[in-house]
Amino acid sequence: MRAHARRHGWALTEIDAGKFSDPRYLRNPLNRCYFCKINLYDRIAGLTDRSIASGANLDDLGDVRPGLLAAGERQVICNLPTRWKRR
């Protein structure tokens with residue numbers, strides 16, 4: 001990622017999302033992705049007042065994806081149309 005950012009002249013900021021400090025994530029429940037993503041999105045939101053965007057694949061919607069729920073709760077822009085999103 002660093003080399004890619006340098007090659008394209010992008011400003012890259014690396015952050016620790018803090019998921020390993022979250023006991024809910026560390027318990028390794030089935031919805032651990034939810035806790036991973038809320039930590040990540042909350043940390044990013046604390047660093048900027050801009051919109052946050054995330055990508056998903058259409059085949060992600062055929063499975064349980066708690067991270068998409070976390071994104072929706074935090075108004076994270078997703079590349080999939082609303083009609084495809086599951087809760």
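Colleague: Which residues lie nearest the centre of the largest pocket?

Modeller: A11, L12, T13, E14 and I44. They belong to a lining of 13 residues. Bear in mind that this is a predicted model.

Colleague: Which elements give two or more residues to that lining?

Modeller: Those are α1, residues 2-8, and α3, residues 32-45.

Colleague: And what volume does the largest pocket have?

Modeller: About 340 Å³.

Colleague: How do its lining residues divide into nonpolar, polar and charged?

Modeller: Nine are nonpolar. Two are polar and two are charged.

Colleague: How is empty space like that found in general?

Modeller: A probe the size of a water molecule is rolled over the atoms, and that shows where space is left.

Colleague: On to the second largest pocket. How much space lies in it?

Modeller: About 160 Å³.

Colleague: Which residues line the second largest pocket?

Modeller: The lining runs through C33, K37, Y41, S54, G55, A56, D60, R65, G67, L68, A71 and C78. By class, six are nonpolar, three polar and three charged.

Colleague: Which elements supply at least two residues each there?

Modeller: α3 does, and so does α4, residues 66-73.

Colleague: Let's stay with α4. Which of its residues are buried?

Modeller: P66, G67, A70 and A71. Two of these, G67 and A71, also line the second largest pocket.

Colleague: Why do the buried residues count as being on the same side of α4?

Modeller: Because they cover an arc of only 150 degrees around the axis. As a general point, an α-helix has 3.6 residues a turn, so residues three or four places apart point the same way.

Colleague: What covers the buried residues of α4?

Modeller: The cover includes α3.

Colleague: What happens just after α4?

Modeller: Q75 takes a positive phi there, about 55 degrees. V76 sits in the loop between α4 and β2, which is residues 77-78.

Colleague: Is V76 buried or exposed?

Modeller: Buried, because its relative accessibility is 6% and the cut-off for buried is under 20%.

Colleague: What is V76 in contact with, leaving aside its neighbours within four places in sequence?

Modeller: Y41, I52, A53, S54 and A71. Of those contacts, Y41, S54 and A71 also appear in the lining of the second largest pocket.

Colleague: How is V76 placed relative to A45?

Modeller: Their C-alpha atoms are separated by 9.8 Å. Along the chain, V76 and A45 are 31 residues apart.

Note on methods. Residues are numbered from 1 along each chain as its sequence is written. This is a predicted model: local features need pLDDT of at least 70, side-chain atom pairs count only at pLDDT 80 or more; totals for chains, interfaces and linings use all residues. Side-chain values use heavy atoms; hydrogens and water are left out. On a 1 Å grid over the protein atoms alone, a cavity is a set of points where a 1.4 Å probe fits but cannot get out, and a pocket is an open set with protein on both sides within 12 Å along at least five of seven lines; lining residues have an atom within 4 Å of a point. Grid points are joined across faces, edges and corners, and a volume is the space filled by probe spheres set on the points. Helices (H or I, at least four residues) and strands (E, at least two) are DSSP runs, numbered from the N terminus. Ala, Val, Leu, Ile, Met, Phe, Trp, Tyr, Cys and Pro count as nonpolar, Asp, Glu, Lys and Arg as charged, and the others, Gly among them, as polar. Buried means under 20% relative accessible area, exposed over 50%, partly exposed in between (1.4 Å probe, protein chains only). The arc is that of the directions from the helix axis to the C-beta atoms. Contact means heavy atoms within 4.5 Å.
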